[in-house]
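Work through the following exercises with the sequence and the structure beside you, and try each task before reading its solution.

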Amino acid sequence: MPDDDNGNRVVVDPAQCKGCHFCIDACRAKCLVPGDGINGIGYQPVRFEQRKCTACGLCYYVCPEPGAITVHKAD
Ligand code: SF4
Ligand code: SF4
């Protein structure tokens, strides 16, 4: 595991993301970035990049789509 990977993970469901970027703005660790593609409903889903995700859950709480973000804290 790389030094900057603490094992915490955020999974974004690209089909449910509306590309509002609220999660990008909320993440102080800058783990979320705009993705490359466009989903089936015309939005650009965000992508998770592991840096120093603390599994704080802020991205989950600011996301208006209940199923778009899941936070997994490392054991
Ligand atoms: S859980 Fe916290 S640190 Fe991790 S991506 Fe979401 S806002 Fe950023
Ligand atoms: S807050 Fe939710 S809907 Fe908005 S860009 Fe992030 S994952 Fe997508």
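Helices (H or I, at least four residues) and strands (E, at least two) are DSSP runs, numbered from the N terminus. The model is predicted, so that local features need pLDDT of at least 70 and side-chain atom pairs count only at pLDDT 80 or more, while totals for chains, interfaces and linings use all residues. Residues are numbered from 1 along each chain as its sequence is written, and chains are lettered from A and ligands numbered from 1 in the order in which they are written.

**Exercise 1. The fold**

Task: State which pattern the protein chain follows along the sequence, and judge how compact the chain is.

Solution: Begin by counting the elements, which gives two helices and four strands. Reading these along the sequence then yields the pattern β-α-β-β-α-β. The radius of gyration, taken over C-alpha atoms, is 12 Å, close to the 11 Å from the globule rule (2.2 Å times the number of residues to the power 0.38) for 75 residues, so the chain is as compact as a globular protein of that length.

**Exercise 2. The residue A29**

Task: Locate A29 among the elements, and decide whether A29 is buried, partly exposed or exposed.

Solution: First, find α1 (22-26) and β2 (32-34), since A29 sits in the loop between them. Next, apply the cut-offs, by which a residue is buried if 20 or more other C-beta atoms, placed from the backbone, lie within 10 Å of its own, exposed if 12 or fewer, and partly exposed in between. A29 has 16 other C-beta atoms within 10 Å and is therefore partly exposed. Finally, look for contacts (C-beta atoms, placed from the backbone, within 7 Å); leaving aside residues up to four places away in sequence, A29 touches R51, K52, C53 and T54.

**Exercise 3. The residue N6**

Task: Find where N6 lies and which residues N6 touches.

Solution: N6 belongs to the segment before β1 (9-12). If residues up to four places away in sequence are not counted, N6 touches K52, C53 and A74. With 16 other C-beta atoms within 10 Å, N6 is partly exposed.

**Exercise 4. The two ligands**

Task: Describe the residues around ligand 1 and ligand 2.

Solution: A residue is near a molecule if its C-beta atom, placed from the backbone, lies within 6 Å of it. Around ligand 1 there are 14 residues, of which C27, C31, C53, C56 and C59 come nearest. Ligand 2 is surrounded by 15 residues, the closest being C17, C20, F22, C23 and C63.

Terms used
Contact = placed C-beta atoms within 7 Å.
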